[in-house]
Amino acid sequence: MSVAKKEVKRVTTHVLQAMKLNGEKISMLTAYDYSSARILDEAGIDVLLVGDSASNVMAGHETTLPITLDQMIYHASSVIRGIKRCLVVVDLPFGSYQGNSRKALASAIRIMKESGAHTVKMEGGSEIADSISRVLSAGIPVMGHLGLTPQSIYKFGTYTVRAKEKEEAEKLIKDAQLLEELGCYAIVLEKIPAKLAQKVAKKVRIPVIGIGAGPHVDGQVLVTHDLLGITKDFNPRFLRRYLDLFSEIKGAVEQYITDVKNVDFPNDQEQY
Ligand code: KIV
């Protein structure tokens with residue numbers, strides 16, 4: 001008797017939309033490599049973001065600006081090989097879409113073709129509407145990103161909470177509505193007041209996923225290295241650390257070094 005293979009029900013943009021309608025929260029984390037993607041997908045994460053935060057946590061840069069399209073494609077294709085169920089969204093990196101919609105489309109097509117990812121994410125509102133529209137016109141789903149948009153850090157000057165003032169809050173609401181009208185399937189809101197995020201999540205029909213945007217949105221995203229405590233010096237109020245992996249890994253490696261030095265490793269069973 002043959003055993004039927006259990007079909008995995010994949011997360012799609014339509015599934016996320018249904019989750020918003022049903023009031024089921026969306027879980028999203030970042031991933032940049034095969035092995036982590038495999039663990040996160042098996043754990044049941046809904047969305048994996050191949051974030052340009054790879055520039056910080058994988059490459060050690062101070063900002064997200066230096067990472068290239070080729071590097072994003074490398075990370076994304078590694079993640080895609082590790083997953084079976086979740087939706088994979090990839091950041092278009094700085095310089096690959098702003099101010100040039102044809103370039104935006106070419107960049108998004110490269111990501112989709114060369115990595116096998118499912119969707120892309122772009123930072124900004126009305127300023128990048130042309131680029132978003134052109135990418136969408138090719139049938140590539142786009143996730144928007146408003147509030148603190150790290151690719152604009154030199155315009156903001158600091159990583160502090162955005163849209164605390166009325167004018168910026170009003171523009172953010174208009175931008176969220178514009179992203180919905182253009183056809184984005186979801187929006188990330190980063191580091192804005194919880195009340196404003198709640199207002200946006202109520203005003204738009206597409207899912208709103210928050211990072212530092214309070215609980216009254218349709219889902220949450222964190223950088224996996226922060227949640228696992230691999231990063232050490234980044235401690236914003238919104239971050240909950242679930243592990244202290246930095247110390248755990250360091251302790252294990254210290255033990256390994258001791259065992260090697262004392263010829264405790266390998267032992268009689270650990271050899272041929
Ligand atoms: O690059 C990233 O990790 C992100 C998240 C912070 C949303 O854009």
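Around the ligand in this predicted model sit Thr-30, Leu-49, Gly-51, Asp-52, Ser-53, Asp-91, Lys-121, His-145, Glu-190, Ile-211 and Val-223, where a residue counts as near if one of its heavy atoms lies within 4 Å. By class, that shell has three nonpolar, four polar and four charged residues. Here Ala, Val, Leu, Ile, Met, Phe, Trp, Tyr, Cys and Pro are taken as nonpolar, Asp, Glu, Lys and Arg as charged, and the others, Gly among them, as polar.

Some of these side chains make polar contacts with ligand oxygens (pairs of N or O atoms within 3.5 Å):

| Side chain | Distance to a ligand oxygen atom |
|---|---|
| Asp-52 | 3.0 Å |
| Asp-91 | 3.1 Å |
| Lys-121 | 2.9 Å |

On its own, the ligand has 260 Å² of accessible area, and the protein covers 95% of that (Shrake-Rupley method, 1.4 Å probe).

Now for the empty space. Rolling a probe the size of a water molecule over the atoms shows where such space is left. A pocket is an open set of points on a 1 Å grid over the protein atoms alone, where a 1.4 Å probe fits and protein lies on both sides within 12 Å along at least five of seven lines; lining residues have an atom within 4 Å of a point.

The ligand takes up the largest pocket (more than half of its atoms lie within 2 Å of the grid points). That pocket holds about 620 Å³ of space, the volume being what probe spheres set on the points fill, with points joined across faces, edges and corners. Its lining runs to 28 residues, and Ser-53, Asn-56, Glu-190, Val-223 and Phe-234 lie nearest the centre. Helix H3 (54–57) and strands S4 (119–123), S6 (186–190) and S8 (219–222) chip in at least two residues each; helices (H or I, at least four residues) and strands (E, at least two) are DSSP runs numbered from the N terminus. The lining splits into twelve nonpolar, eight polar and eight charged residues.

The second largest pocket comes in at about 420 Å³. It is lined by 21 residues, with Gly-124, Glu-127, Thr-149, Lys-155 and Phe-156 closest to its centre. Strand S5 (142–147), helix H7 (153–156) and helix H8 (166–182) each give at least two lining residues, and H8 gives the most, with four. This lining divides into seven nonpolar, seven polar and seven charged residues.

A bit of housekeeping: residues are numbered from 1 along each chain as its sequence is written, and side-chain values use heavy atoms, leaving out hydrogens and water. Local features need pLDDT of at least 70 and side-chain atom pairs count only at pLDDT 80 or more, while totals for chains, interfaces and linings use all residues.

Note on methods: Polar contact = N/O pair within 3.5 Å; in protein donor to acceptor, adjacent residues only side chain to side chain.
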